[in-house]
Amino acid sequence: MLNCREVTNRASDLIEGDLDLVTRLKIRAHLLACRHCRRFVRQMRATVALLGHGGDDESSAPVDDDLLDAYKAKTRRKSD
């Protein structure tokens, strides 16, 4: 089984679907046993969902005001 450092280092690959089956299964086995890594991956998934998949170039990343507006809009939709 993988350790916490290995799981957190590969979390973005897991979220993006860039892992082979064996590695994905090893990570999932670790997540079943480790609540801290489960929380970490859950928070990363939420961050990716909030920011979207902007592309590879840095100019597509939202500026602070855009990020705040996106967070407020997402929060409003959840409460409706």
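# Exercises on a four-helix chain

Buried residues make up 16% of the 80 residues in this chain. The model is a predicted one, so keep that in mind as you work through the exercises.

## Exercise 1: Get your bearings

Task: Find how many helices and strands the chain has, and in which order the elements run.

Solution. Start with the count: there are four helices and zero strands. Next, read along from the N terminus, and the order is α-α-α-α. Finally, turn to the contacts between residues at least 6 apart in sequence: 54% of them join residues at least 24 apart.

## Exercise 2: The salt bridge

Task: Search the whole structure for salt bridges, and explain where the two partners sit in their helix.

Solution.

Step 1. The search turns up one salt bridge. Its partners are the side chains of Arg10 and Asp13, with an N to O distance of 3.4 Å. That is inside the 4 Å cut-off for a salt bridge.

Step 2. Place both residues: they belong to helix α1, which covers residues 4-16, and they are three residues apart, so about one helical turn separates them.

Step 3. Recall the general rule. An α-helix has 3.6 residues a turn, so residues three or four places apart point the same way.

Step 4. Check how open the pair is. Arg10 has a relative accessible area of 33%, while Asp13 has 26%. Since buried means under 20% and exposed means over 50%, Arg10 counts as partly exposed, and Asp13 does as well.

## Exercise 3: A closer look at α1

Task: Compare the span of α1 with the expected value, then describe its bend, its two ends and its buried residues.

Solution.

Step 1. Helix α1 has 13 residues, and at 1.5 Å a residue they should span 18 Å. The end C-alpha atoms are 19 Å apart, which agrees.

Step 2. Now look for a bend. A kink of about 50 degrees is centred on Arg10, the salt-bridge partner of Asp13.

Step 3. Go to the start of the helix. Here a side-chain oxygen of Asn3 comes to within 3.1 Å of the backbone nitrogen of Arg5.

Step 4. Go to the other end. Gly17 follows α1, and its phi is positive, near 80 degrees.

Step 5. List the buried residues of α1: Val7, Ala11, Leu14 and Ile15. These pack against α2 (21-33) and α3 (35-51).

## Exercise 4: The nonpolar core

Task: Name the residues of the largest nonpolar core and say which element gives the largest share.

Solution. The core has 10 residues in all: Leu2, Val7, Ala11, Leu14, Leu19, Ile27, Leu31, Cys34, Cys37 and Val41. The elements that give two or more residues to this core are α1, α2 and α3. The largest share, three residues, comes from α1. For one core member, Leu19, you can also trace the neighbours: leaving out residues up to four places away in sequence, Leu19 touches Arg10, Asp13, Leu14, Arg24 and Ile27.

## Exercise 5: Two polar residues of α2

Task: Decide whether Thr23 and His30 are buried or exposed, and find a polar partner for each.

Solution.

Step 1. Thr23 lies in helix α2. With a relative accessible area of 14%, Thr23 is buried. Its side chain makes a polar contact of 2.9 Å with the side chain of Asp20.

Step 2. His30 is also in α2. At 6% relative accessibility, His30 is buried. A polar atom of the His30 side chain lies 2.8 Å from the backbone oxygen of Leu2.

Step 3. Widen the view around His30. Residues up to four places away in sequence aside, His30 touches Met1, Leu2, Asn3, Cys4, Val7 and Cys37.

## Exercise 6: Arg38 in α3

Task: Work out which residues Arg38 touches and which backbone oxygen its side chain reaches.

Solution. Begin with location: Arg38 is in helix α3, and at 34% relative accessibility it is partly exposed. Next come the contacts: not counting residues up to four places away in sequence, Arg38 touches Leu31, Leu32 and Ala33. The Arg38 side chain reaches the backbone oxygen of Leu32 at 3.1 Å. To finish, take the C-alpha atoms of Arg38 and Arg28: these residues are 10 apart along the chain, and the atoms are separated by 9.2 Å.

How values were computed:
Residues are numbered from 1 along each chain as its sequence is written. This is a predicted model: local features need pLDDT of at least 70, side-chain atom pairs count only at pLDDT 80 or more; totals for chains, interfaces and linings use all residues. Side-chain values use heavy atoms; hydrogens and water are left out. Buried means under 20% relative accessible area, exposed over 50%, partly exposed in between (1.4 Å probe, protein chains only). The expected span of a helix is 1.5 Å times one less than its number of residues. The bend at a residue is the angle between axes fitted to the seven residues ending there and the seven starting there. Contact means heavy atoms within 4.5 Å. A polar contact is a pair of N or O atoms within 3.5 Å; within protein, one must be able to donate a hydrogen and the other to accept it, and residues adjacent in sequence count only if both atoms are side-chain atoms. A nonpolar core is a set of buried Ala, Val, Leu, Ile, Met, Phe, Trp, Tyr and Cys residues joined through side-chain atoms within 4.5 Å.
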